[in-house]
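I opened this chain to look up how its helices pack. The entries below follow the order in which I checked things.

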Amino acid sequence: AFTGESSPAIGPLGLTWYTASKLAWDINADTNALLNDFYATMFGPAQEPMKKLFQQWNAKDFRLTVREFGFAYEQLDAASVLAGNSLNIQDRIDEIKKYLHYMRLRFEYDHFKPNSPERLQKAEELTKYTWRIYESLMVHSYRDNELVFFDQRGYSPAFKSRWDYRNATTAPAGFEEVKSEGPV
């Protein structure tokens with residue numbers, strides 16, 4: 001038997017889950033072959049830029065910087081062109097774009113001074129977006145909301161009442177606004 005603990009966040013963990021699930025069935029499997037199969041199966045003609053992107057994100061010395069965002073957008077744009085009219089592949093690339101947008105919002109939020117009006121504005125944007133992509137499972141929306149909520153709770157009572165994830169009887173007040181905006 002095997003048991004594991006993880007997070008419902010395909011963006012940062014999906015490739016690891018895929019590889020681990022394959023290795024669970026065959027501990028001697030060639031991980032490079034598994035990864036090549038993943039890129040080919042998931043992204044077809046767009047596999048090369050997606051492989052570059054995932055390799056960059058999974059590099060041991062990876063640090064999220066403004067430059068890294070430029071690289072990621074370039075790879076996703078190239079992948080979209082190569083995917084052509086394949087809706088399934090375009091959909092998968094779009095899911096990664098959702099994760100990249102989340103990363104950008106989180107990066108911006110983390111770089112503003114705590115308790116500043118700019119950080120509060122970014123808290124609103126980030127929380128609203130994570131709930132908008134909740135069903136994609138690209139990020140752990142609940143946990144992210146929880147972390148931002150605790151970070152903002154002492155500074156902004158309005159944010160606290162608007163995004164209180166602990167209210168079990170109703171959705172947070174801001175959630176209805178998120179739902180009304182439609183697809184991402």
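I began with what the buried residues of α1 pack against: α2, α3 (47-57) and α5. The model is a predicted one, and I read it as such. The buried residues themselves are Gly11, Gly14, Leu15, Tyr18 and Thr19.

Next I took up the pair α1 and α2. I looked up how their axes run: helix α1 (residues 10-25) and helix α2 (residues 31-43) have axes that come within 10 Å and cross at roughly 125 degrees. An angle from 115 to 145 degrees falls in none of the parallel, antiparallel or perpendicular classes, and α1 and α2 are therefore oblique to each other. I noted the hand of the crossing as well; α1 passes α2 in a right-handed crossing.

Which residues make the contact of α1 with α2? On the α1 side I listed Leu15, Tyr18, Thr19, Lys22 and Leu23. On the α2 side I listed Thr31, Leu34, Leu35, Asp37, Phe38 and Tyr39. By class, the residues of this contact divide into 7 nonpolar, 2 polar and 2 charged. Leu15, Tyr18 and Thr19 appear in this contact and also among the buried residues of α1.

I then picked out Thr41, which lies in helix α2. Is Thr41 buried or exposed? Its relative accessibility is 52%, and exposed means over 50%, so Thr41 counts as exposed. I also checked Thr41 against Ile89, which is 48 residues away along the chain; their C-alpha atoms are separated by 9.3 Å.

I moved on to helix α7 (residues 141-152) and checked its length. At 1.5 Å a residue, its 12 residues should span 16 Å, and the end C-alpha atoms are 16 Å apart, so the two values agree. The buried residues of α7 are Ser141, Asp144, Asn145, Glu146, Val148, Phe149 and Gln152. I found that these buried residues pack against α5 (87-110), α6 (117-132) and α8 (157-162). Helix α5 is thus on my list twice, as a partner of the buried residues of α1 and of those of α7.

Last, I looked at the chain as a whole. Its secondary structure comes to 9 helices and 0 strands, and along the sequence the pattern reads α-α-α-α-α-α-α-α-α. Of the 184 residues in the chain, 39% are buried. I also looked up the contacts with a separation of 6 or more: residues 24 or more positions apart account for 53% of them.

How values were computed. Residues numbered from 1 in each chain as written. Predicted model: local features only at pLDDT ≥ 70, side-chain atom pairs only at ≥ 80, totals over all residues. Heavy atoms only, no water. Axes fitted to C-alpha atoms, helices over the stretch in contact; angles between N-to-C directions. Helix = DSSP H or I, 4+ residues; strand = E, 2+ residues; numbered from the N terminus. Parallel < 35°, antiparallel > 145°, perpendicular 65-115°, else oblique. Left-handed = near helix turned anticlockwise from the far one by under 90°. Contact = heavy atoms within 4.5 Å. Nonpolar A, V, L, I, M, F, W, Y, C, P; charged D, E, K, R; others polar. Expected span 1.5 Å × (residues − 1). Buried < 20%, exposed > 50% of the residue type's maximum accessible area, 1.4 Å probe, protein only.
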